[in-house]
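User: I should like to learn how to read the features of a protein model. Could we take them one at a time, with the general idea before the case?

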Amino acid sequence: MNIAQLFRARSQERRGAALILIVIMLVAFVVLAAITIDFAYVQLVRTEMRAVTDAAAKAGAEALARTESIDQARAAAVAYAAANTVAGDSYLLQTSDVKVGRLNLDGEDNWEFTENASPPNAVQIDARTGGAALHPAIPLMFAGVHGRPTFAPAYTATAGQQEVEVCLCLDRSGSMLFDMSGTEYAYPLPNPNQLMIYAGLSFPWPYHLSPPHPTASRWAVLAGAIDLFLEEAGNFNPPPRTALVTWSSTYQMPYWPYTQYQASTTDHPLPDPVGHTWSANSTALQNDVSALGGVSMMGATNLSAGLDRAVSVLTTGPNSKAFANKIVILLTDGQWNDGRDPVAAAIDARNAGVTVHCVLMLTADQPDIQQVATITGGRYYLTQNEAELRAAFQELARSLPVVLTQ
């Protein structure tokens, strides 16, 4: 063998060795990629499993509180689980996986669930897959690579009814006089509440200085949604003790009688838990909302003034209870344009243990108001008509007594 032949032979040996190394590395890469993809898939499915289980527990607890029927609570949990998916399929929950019992605080302020305890106030979901569970185990994508064909995630969630304190925190700025068209300074006419003393003034003062239209103004439509909220909330046992705060901005009426408006007022305090009756509470709230509809509404949108007062009512007010679930329902029909940033107020609310649900009425999506809900763990509703507004308040009323504890 000459030198040239020797070099060719050695070159072929090196290429062969490199090819073997490349093949080994490709196989290792494929195995690693398969494991990585399946690991990510496992985490995704576990997240879906947790979300479905939490939702089913909340649905069961809501139905238990509303209907006072264990069978309907179990049925609601099973149905709500089936309405959600795990790994692309509707999750199948057995009735036997839905436990009904009672949540109580132990001596260290931790919630303890006791199955079949009476009277029941909680639902616990033991969600499983594979084995004896109704829902099959979850197939993995690359079972042939790592030798594990399926995995069987499981999750437990408990939700229960807790004593609730609510503060309705309602915008009473000048735009609440407008009609439901969504157009600024569009007043429902004729207005039987219009005060003739202002008839000679230029637009919009004759309408802006008078009380809102009794049926077609935004305030009147809101009053109807509040009535529905109170009706729904009264179906639970016990119903939530409820306060009322209204707000706009500090403002002085520019014409006689030159009324001074405060940025926020406590129109109905949180009722005393001793001797509280829902009938008296809800009637008083309806009367307060009706009375506010009989006077003029003025001012800008100092949202934080209302939120801060509502949080104070629930946390430092004379009738607030330390372990109650504290909820503010904040409604506005405008963009905040006065007072401090609502996000700062939301942080204070969260630190005080208050959840803030935000309802927007006839306005564009507002990221800062959405942040208020997100920061405090509340819900965010963007409503553009009366039906959507009523649906939002009805849903909020039905969710009030439900708290997720595990």
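User: Across which strands does helix H7 lie?

Analyst: Please note that this is a predicted model. To read how a helix packs on a sheet, one lists the strands in contact and then takes the angle between the axes. Here helix H7, residues 303–315, lies across strands E9 (164–171), E10 (241–247), E13, E14 (325–332) and E15. Its axis runs at about 160° to that of E14.

User: In what order do the strands form the open sheet, and what is the pairing?

Analyst: The general idea is that strands of a sheet pair through backbone hydrogen bonds, in either a parallel or an antiparallel manner. In this case six strands form an open sheet, ordered E13-E10-E9-E14-E15-E16, with mixed pairing.

User: Which strands stand at the edges of the sheet?

Analyst: The edges are held by E13 (264–268) and E16 (380–383). Each has a single partner strand, so one side of each is left without a neighbour in the sheet. As for the twist, neighbouring strands are turned by 20° against each other on average, with direction ignored.

User: How many bridges join strand E15 to E16?

Analyst: Four bridges join E15, residues 354–361, to E16, and these two strands run parallel. One may follow the pairing down to single residues: Leu 360 has Leu 382 in E16 as its bridge partner.

User: At what angle do the axes of helices H8 and H9 cross?

Analyst: For two helices, one reads the distance and the crossing angle together. The axes of H8 (residues 342–351) and H9 (residues 367–376) come within 9 Å and cross at roughly 10°. Angles under 35 degrees count as roughly parallel, and H8 is therefore roughly parallel to H9. On the H8 side the contact is made by Pro 342, Val 343, Ala 346, Ile 347, Ala 349 and Arg 350. H9 contributes Asp 368, Ile 369, Gln 371, Val 372, Ile 375 and Thr 376. By class, this contact has eight nonpolar, two polar and two charged residues.

User: Why is there no bond between the sulfurs of Cys 169 and Cys 167?

Analyst: The test is one of distance: a disulfide requires two cysteine sulfur atoms within 2.5 Å. The cysteine sulfur closest to that of Cys 169 belongs to Cys 167, and at 5.9 Å it is too far for a bond. Cys 358 is likewise in no disulfide, as its nearest cysteine sulfur, in Cys 169, is 9.2 Å away. The count by this rule is zero disulfides. Accessibility is read separately: Cys 169 is buried, at 0% relative accessible area, and Cys 358 also counts as buried at 0%.

User: Which residues are joined by a cis peptide bond with omega of about -10°?

Analyst: Cis peptide bonds are read from the omega angle. Leu 189 and Pro 190 are joined by a cis bond with that value. Another cis bond joins Phe 203 and Pro 204, with omega of about 5°. Pro 190 is placed in the loop between E9 and helix H4 (205–208), and Pro 204 is found in the loop between E9 and H4 as well.

User: Is Leu 362, with its positive phi, buried or exposed?

Analyst: The backbone angle and the accessibility are two separate readings. Phi of Leu 362 is near 55°, a positive value in a residue other than glycine. This residue is located in the loop between E15 and H9 and is buried, with a relative accessible area of 9%. Ala 87 also has a positive phi, of about 55°, without being a glycine. Ala 87 lies in the loop between strands E1 (85–86) and E2 (89–90) and is partly exposed, at 26% relative accessible area.

Definitions and conventions. Residues numbered from 1 in each chain as written. Predicted model: local features only at pLDDT ≥ 70, side-chain atom pairs only at ≥ 80, totals over all residues. Heavy atoms only, no water. Axes fitted to C-alpha atoms, helices over the stretch in contact; angles between N-to-C directions. Parallel < 35°, antiparallel > 145°, perpendicular 65-115°, else oblique. Contact = heavy atoms within 4.5 Å. Nonpolar A, V, L, I, M, F, W, Y, C, P; charged D, E, K, R; others polar. Buried < 20%, exposed > 50% of the residue type's maximum accessible area, 1.4 Å probe, protein only. Pairing = 2+ DSSP bridges.
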